[in-house]
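Hi everyone, thanks for coming. I'd like to walk you through one structure today, so let's get it up on the screen.

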Amino acid sequence: MQRLTIILFLLMVCCFACDTSNSNQGVDPAAPFPMVARDLEDIKESGVLRAITVYSETSYFLYRGQPMGFEYELLTRLADHLGVALEIIPADNLNELINMLNRGEGDLIAHGLTITKPRKQYIDFTKYLYLTKQVLVQRKPKDWRNWKLHEIEQSLISDPIELIEDTVSVRLASSYFDRLQNLEQEIGGNIYIDTVAGNLSTGRIIKKVVNGTLDYTVADDNIAEINSAYYPILDVSTPISFSQRAAWAVRKNAPELLQALNQWVEGMRQQTDYYVIYNKYFKNERGFRARIESNFFSEAGGKISRYDSIVKQFSDSLNWDWRFLSALIYQESQFNPSATSWAKAKGLMQLMPATARELGVADRSDPADNLEGGTEYLQELYQRWESIPDSVQRIKFTLASYNCGYQHVVDARKLAGKYGKDSDIWDKHVETFVKRLSYPKYYNDPVVDYGYVRGIEPVTYVDQIFERFAHYQKLIPESS
């Protein structure tokens with residue numbers, strides 16, 4: 001009896017191995033299950049939600065200096081809903097998404113993963129975000145515009161059975177790979193599956209079909225259709241799957257986070273805002289075209305704005321990363337040299353008339369003059385805060401001073417000292433009292449010399465510049 005039990009157990013193990021060996025080739029056996037314990041309570045205690053996502057033209061990217069993307073916009077709303085900050089963790093290799101999650105590199109995978117049985121062994125999926133189906137992405141004949149419609153149709157694969165003995169290129173740890181393997185069984189013939197690099201997003205693989213490097217690939221229909229709208233040489237009319245659910249995912253030991261995400265997803269899908277965001281990235285052909293054709297789309301190259309070269313020049317005088325100065329400029333003017341505020345600040349760095357005169361800036365709308373004056377003023381402020389020992393904190397004091405005025409920050413620093421806080425630390429110390437300078441109790445305090453300031457503005461200003469810089473670091477190479 002004992003021997004029979006052992007034999008049955010071994011047979012079960014063998015069956016399990018046979019069932020999963022093909023469909024799970026992209027999962028590292030070292031991380032099939034959670035290697036860390038971090039659930040919703042831990043996330044709220046840390047104050048940060050760490051989201052693993054994909055750098056692509058629909059999920060997460062930079063356009064004209066602003067982080068954008070379907071997943072990015074949803075994540076910002078999710079973080080606000082949970083009352084935490086958001087940290088984006090781009091996956092360098094899409095084959096590693098599940099491994100990254102289970103190793104604890106992030107709290108969730110924020111990417112449209114197709115819900116499949118093999119994947120459900122390793123991760124828990126949220127309620128689905130949208131339905132999709134997989135389609136074959138192929139190229140029409142080179143001179144297809146001169147062909148008749150029926151001739152074009154005859155030159156294309158219109159039935160998956162026609163893929164027998166042909167080659168289709170997809171990532172290894174993708175639902176497309178799994179689907180092609182299943183399709184082989186269904187049609188009773190060989191499909192040669194060419195596995196491409198894991199750092200290629202679906203959009204980038206599609207571009208390889210466009211330029212003739214690859215003959216065929218597979219994509220979700222929403223991604224395929226928005227690409228075919230821009231690249232009319234593509235045909236994406238041949239489905240190779242039924243409808244499938246696309247969702248985000250969490251570790252199997254995070255039930256509270258899963259429950260919170262499910263409630264949030266259900267609520268979001270009942271809001272108009274969700275469909276506006278979805279259509280923005282998967283239906284708006286004009287917006288997609290504008291991004292693809294822009295020099296300031298991070299997928300097209302490492303440019304933030306048309307002023308990158310002079311920003312680099314003047315950032316050197318500050319010994320700052322040029323991307324950090326770019327983040328400040330975006331915050332000030334969104335790279336508009338003609339931008340003018342209600343207070344008459346003007347130009348890329350929003351110089352006030354009096355400040356510009358002191359700095360010798362004759363034309364505030366001239367990008368080079370404005371940047372030279374603005375960086376000179378930043379350098380002056382930075383020197384004024386030479387007593388701050390930590391370099392990052394010193395930069396935060398400098399930014400706050402640039403936004404609301406040096407003397408207001410000095411007042412907040414004196415209040416911090418009076419109330420037992422560390423006057424050399426901006427985060428959660430001096431920033432707290434900058435905000436309190438909006439209330440009579442504090443701006444009328446005897447240690448305050450310069451009175452009221454709308455303190456939430458410099459605090460938000462500093463936070464948003466550092467947050468934007470973090471995106472620039474992830475999406476734009478420093479040496480670009």
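Let me start with a single residue: Gln 244 has 18% relative accessibility, so with the cut-off for buried at under 20% it counts as buried. Before I go further, please keep in mind that this is a predicted model.

Where does Gln 244 sit? It belongs to strand β13, which covers residues 244-250. And which residues does Gln 244 touch, once we set aside its neighbours within four places in sequence? The contacts are Thr 114, Tyr 130, Leu 131, Thr 132 and Gln 134. With Gln 134 there is also a polar contact, side chain to side chain, at 3.1 Å.

Gln 134 brings us to the next stop, strand β8, residues 134-139. Of the six residues in β8, five are buried, so the strand is largely enclosed by the rest of the structure.

What are the partners of β8? On one side we have β11, residues 216-220, running antiparallel to β8 and joined to it by five bridges. On the other we have β12, residues 234-239, again antiparallel to β8, this time over four bridges. Together the three strands make an open sheet in the order β11-β8-β12, with antiparallel pairing. β11 and β12 are the edge strands, each with a single partner, so one side of each is left without a neighbour in the sheet. From one strand to the next, the twist averages 35 degrees.

As a reminder for anyone newer to this, strands of a sheet pair through backbone hydrogen bonds, either parallel or antiparallel.

If you want to find the register on the screen, Leu 136 is a handy landmark. Its bridge partner in β11 is Val 218, while in β12 it stands opposite Thr 238. You can also look at Arg 139, whose bridge partner in β12 is Leu 234.

Now, what packs on this sheet? One element is helix α7, residues 175-187, which touches β8 and β11 and whose direction makes about 115 degrees with that of β11. Another helix, α9, residues 221-230, lies across β8, β11 and β12 and runs at about 115 degrees to β11.

Let's move on to a couple of helices elsewhere in the chain. Helix α3 spans residues 70-82, and its 13 residues should cover 18 Å at 1.5 Å a residue; the end C-alpha atoms are 19 Å apart, which agrees. Its buried residues are Phe 70, Glu 71, Tyr 72, Glu 73, Leu 74, Leu 75, Leu 78, Ala 79 and Leu 82. Just after α3 comes Gly 83, with a positive phi of about 75 degrees.

Helix α21, residues 456-475, has 20 residues and reaches 28 Å from its first C-alpha to its last, close to the 28 Å expected. Among its buried residues are Val 459, Val 462, Ile 465, Phe 469 and Tyr 472. It helps to recall that an α-helix has 3.6 residues a turn, so residues three or four places apart point the same way.

Next, a loop with some backbone features to look at. Most residues other than glycine have a negative phi. Lys 344, though not a glycine, has a positive phi of about 75 degrees. This lysine is in the loop between α14, residues 322-333, and α15, residues 353-359. Gln 350 lies in the loop between α14 and α15 too, and has a positive phi of about 50 degrees without being a glycine.

Are these two buried or exposed? Lys 344 counts as exposed, at 56% relative accessibility, whereas Gln 350 is buried, with a relative accessible area of 13%.

Let me zoom out to finish. The protein chain has 21 helices and 13 strands, and its C-alpha trace spans about 85 × 70 × 40 Å along the principal axes. Of its 480 residues, 52% are buried. The chain exposes about 22900 Å², with carbon and sulfur atoms supplying 49% of that area. Finally, among contacts with a separation of 6 or more, 69% are between residues 24 or more positions apart.

That's my tour; over to you for questions.

Note on methods:
Residues are numbered from 1 along each chain as its sequence is written. This is a predicted model: local features need pLDDT of at least 70, side-chain atom pairs count only at pLDDT 80 or more; totals for chains, interfaces and linings use all residues. Side-chain values use heavy atoms; hydrogens and water are left out. Buried means under 20% relative accessible area, exposed over 50%, partly exposed in between (1.4 Å probe, protein chains only). Helices (H or I, at least four residues) and strands (E, at least two) are DSSP runs, numbered from the N terminus. Two strands pair if DSSP finds at least two bridges between them. Axes are lines fitted to C-alpha atoms, for helices over the stretch in contact, and angles run from 0 to 180 degrees between N-to-C directions. Contact means heavy atoms within 4.5 Å. A polar contact is a pair of N or O atoms within 3.5 Å; within protein, one must be able to donate a hydrogen and the other to accept it, and residues adjacent in sequence count only if both atoms are side-chain atoms. Accessible areas come from the Shrake-Rupley method with a 1.4 Å probe; for residues, only the protein chains shown count as cover. The expected span of a helix is 1.5 Å times one less than its number of residues.
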